[in-house]
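Here's a quick look at this protein, going from the overall fold to the inside and then back out to the surface. Have the model open while you read.

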Amino acid sequence: MSEHHAGVRWKRTSADFTYASYNRAHEMVFKGGAITLAASATPAYKGDADRVDPEEAFVASLSSCHMLTFLAICALKKITVEVYDDVAIGYMEKGANGKMQITRVVLNPEVRFADGANGTAAMLADFHHQAHDGCFIANAVTTEVTVSQRS
């Protein structure tokens, strides 16, 4: 069992506080303030496109967790990975309850193994399946997460 701490910091910078005018810019705070990430609402909700929105952070968390689990599986099997690159996509849609939510996330990893570490498509699919089953974040959410292998 472990604990994981994160926070947010926001301060009004707008002249007034109406839905149309208040600032959405804030910071996501990690490691007791040692690491901050410039964040905002998504532009569709009056946010700043130059900052990370919570939906993007959610998608990145799923992608990161899947990758770390995948790398652990490969390392335990003594198969060296040289590059892992993912371009994940989260889809905001109305859920079964009629509310807007990230209903599904598609991971699109491209994996390059070290020379001599030959991997078959079936092995790669199996490792991704194991990574999905072992990903702490994927196990904690109801969002559908699929892997569409690039390469």
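Among contacts in the protein between residues at least 6 apart in sequence, how many join residues at least 24 apart? The share is 48%. Keep in mind that this is a predicted model.

The secondary structure adds up to 3 helices and 8 strands, and going along the sequence you'll meet them as β-β-β-α-β-β-β-β-α-α-β. The radius of gyration is 19 Å, well over the 15 Å that the globule rule gives for 151 residues, so the protein is more spread out than a compact globule. The other overall values are these:

| Property of the protein | Value |
|---|---|
| Span of the C-alpha trace along the principal axes | about 60 × 40 × 30 Å |
| Residues that count as buried | 31% of 151 residues |
| Accessible surface | about 9,900 Å² |
| Part of that surface on carbon and sulfur atoms | 55% |

Now for the inside. The largest nonpolar core has 13 residues, and F70, C74, I79, V81, V111, F113 and F127 touch the most other members. At least two residues of this core come from each of α1 (54-76), β4 (81-86), β7 (109-113) and α2 (121-134), with α2 giving the most, 4 residues. Leaving aside residues up to four places away in sequence, I79 touches C74, F113, A117, M123 and F127. Another core lies apart from this one; its 9 residues include L62, I102, C135 and A138.

Not everything nonpolar is tucked away, though: Y19, Y45, M92 and M100 make up a nonpolar surface patch with about 430 Å² of accessible area together. Of these, Y19 sits in the loop between β1 (6-9) and β2 (26-30).

Note on methods. Residues are numbered from 1 along each chain as its sequence is written. This is a predicted model: local features need pLDDT of at least 70, side-chain atom pairs count only at pLDDT 80 or more; totals for chains, interfaces and linings use all residues. Side-chain values use heavy atoms; hydrogens and water are left out. Patches are made of residues with over 30% relative accessible area and no salt bridge: like charges are joined within 9 Å, nonpolar side chains (Val, Leu, Ile, Met, Phe, Trp, Tyr) within 5 Å. Accessible areas come from the Shrake-Rupley method with a 1.4 Å probe; for residues, only the protein chains shown count as cover. A salt bridge is a side-chain nitrogen of Lys or Arg within 4 Å of a carboxyl oxygen of Asp or Glu. The radius of gyration is taken over C-alpha atoms; the globule rule is 2.2 Å times the number of residues to the power 0.38. Buried means under 20% relative accessible area, exposed over 50%, partly exposed in between (1.4 Å probe, protein chains only). Contact means heavy atoms within 4.5 Å. A nonpolar core is a set of buried Ala, Val, Leu, Ile, Met, Phe, Trp, Tyr and Cys residues joined through side-chain atoms within 4.5 Å.
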